[in-house]
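Let's take a walk through this structure together, going from its sheet to its helices and then to a few backbone details. Please keep the sequence and the 3D view at hand as you read.

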Amino acid sequence: MGAGREMAISLDGVRDKNVMQLKKLNTALFPVRYNDKYYADALASGEFTKLAYFSDICVGSIACRLEKKEGAVRVYIMTLGVLAPYRGLGVGTKLLTHVLDLSSKQNISEIYLHVQTNNDDAIAFYKKFGFEITETIQNYYTNITPPDCYVLSKVFSHVSPKK
Ligand code: ACO
């Protein structure tokens, strides 16, 4: 990808005032209607949830939930998506590397997500960034076919033990 194309992509945080943009993207991208908890978790994750702009058009987002367990924090990627006409331009990479960079600067133990087993593009995309399939869950989804998902996970080795 050329550096010029990369420069056209910028990220913005999600706040009460622009959370509508995330809702609109999710409606266009995913066959699931997300509930209030999803949006509350996304807003609470702060810098771990971002909108992506291509020039001044909102074209993609990453929404995460932070899970605290025994002193360590795990990041769960609830959704990552880019509108179809804007795929293959580096927007997904910009969103995911933002969250990976943030995770490596903080005490994040693991980053993980669920992906439908037939979503070859997304699986290949995540593998490029070092994610591995750790589990297959049958009948994870109720309204889509196939109903099965993989758990994709990337473990960080930098985590310092709890003092
Ligand atoms: N066909 C094949 N490979 C592709 C394509 C494509 N259309 N688009 C991207 N890739 C691959 C390429 O290997 C590319 O690497 P390269 O640039 O070195 O060739 C790599 O992915 C990165 O491409 P980006 O342009 O950074 O990614 P993009 O902006 O297209 O976003 C994403 C990738 C988010 C997976 C996008 O395809 C998408 O929105 N898909 C639909 C929604 C989805 O399935 N999201 C993930 C579900 S799981 C979850 O949300 C937790």
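A residue is called exposed here when its relative accessible area is over 50%, and buried when that area is under 20%. The model you are looking at is predicted. To try out the cut-off, start with D16, in the loop between β1 and α2. Is D16 buried or exposed? Its relative accessibility is 67%, so D16 counts as exposed. While you are at this spot, look across to A40: the two residues are 24 apart along the chain, and their C-alpha atoms are separated by 9.8 Å.

Now turn to the sheet. Strands of a sheet pair through backbone hydrogen bonds, and they can do so in a parallel or an antiparallel way. In this model, seven strands make an open sheet with mixed pairing, in the order β1-β2-β3-β4-β5-β7-β6. Which strands stand at the edges? They are β1 (9–13) and β6 (132–137); each has a single partner strand, so one side of each is left without a neighbour in the sheet. From one strand to the next, the twist averages 25 degrees.

Let's follow the sheet from the β1 edge. β1 and β2 run antiparallel and are joined by five bridges; one register point to find is S10, whose bridge partner in β2 is Y53. Strand β2 (residues 50–54) is next. Five of its five residues are buried, so β2 is largely enclosed by the rest of the structure. Side chains leave this strand in two directions: K50, A52 and F54 point one way, L51 and Y53 point the other way, and all are buried.

From β2 the chain goes into a hairpin with β3, with two residues between the strands. In this hairpin, S55 takes a positive phi near 55 degrees. The two strands run antiparallel and are joined by five bridges, and L51 stands opposite S61 in β3.

Strand β3 (residues 57–69) then pairs with strand β4 (residues 72–82), in the antiparallel sense and over 10 bridges. You can check the register at S61, whose bridge partner in β4 is G81, and at I62, which stands opposite L80. How enclosed is β4 by the rest of the structure? Of its 11 residues, 10 are buried, so β4 is largely enclosed.

On the way to β5, the sense of pairing is parallel: β4 and β5 are joined in this way over four bridges. Here V73 has I108 of β5 as its bridge partner.

The helices come next. Helix α5 (residues 120–128) packs on the sheet, where it touches β4, β5 (108–116), β6 and β7 (149–155). The direction of α5 makes about 160 degrees with that of β5.

Another pair to look at is helix α2 (residues 19–29) and helix α3 (residues 36–44), which pack with their axes 12 Å apart and at an angle of about 130 degrees. The two helices are therefore oblique to each other, and their crossing is right-handed. Which residues make the contact? From α2 come V19, L22, K23 and N26, and from α3 come Y38, Y39 and A42. Sorted by character, the residues of this contact are five nonpolar, one polar and one charged.

Finally, some backbone details deserve a visit. Most residues other than glycine have a negative phi, and most peptide bonds are trans. E70 is not a glycine, yet it has a positive phi of about 50 degrees. You will find E70 in the turn of the β3–β4 hairpin, which has two residues between its strands. With a relative accessible area of 74%, E70 is exposed.

The loop between β6 and β7 holds N139. N139 also is not a glycine, and its phi is positive at about 55 degrees. Its relative accessibility is 57%, so N139 counts as exposed. P146 is found in the loop between β6 and β7 too. The peptide bond leading to it from T145 is cis, with omega near -5 degrees.

Methods: Residues numbered from 1 in each chain as written. Predicted model: local features only at pLDDT ≥ 70, side-chain atom pairs only at ≥ 80, totals over all residues. Heavy atoms only, no water. Pairing = 2+ DSSP bridges. Axes fitted to C-alpha atoms, helices over the stretch in contact; angles between N-to-C directions. Contact = heavy atoms within 4.5 Å. Parallel < 35°, antiparallel > 145°, perpendicular 65-115°, else oblique. Left-handed = near helix turned anticlockwise from the far one by under 90°. Nonpolar A, V, L, I, M, F, W, Y, C, P; charged D, E, K, R; others polar. Buried < 20%, exposed > 50% of the residue type's maximum accessible area, 1.4 Å probe, protein only.
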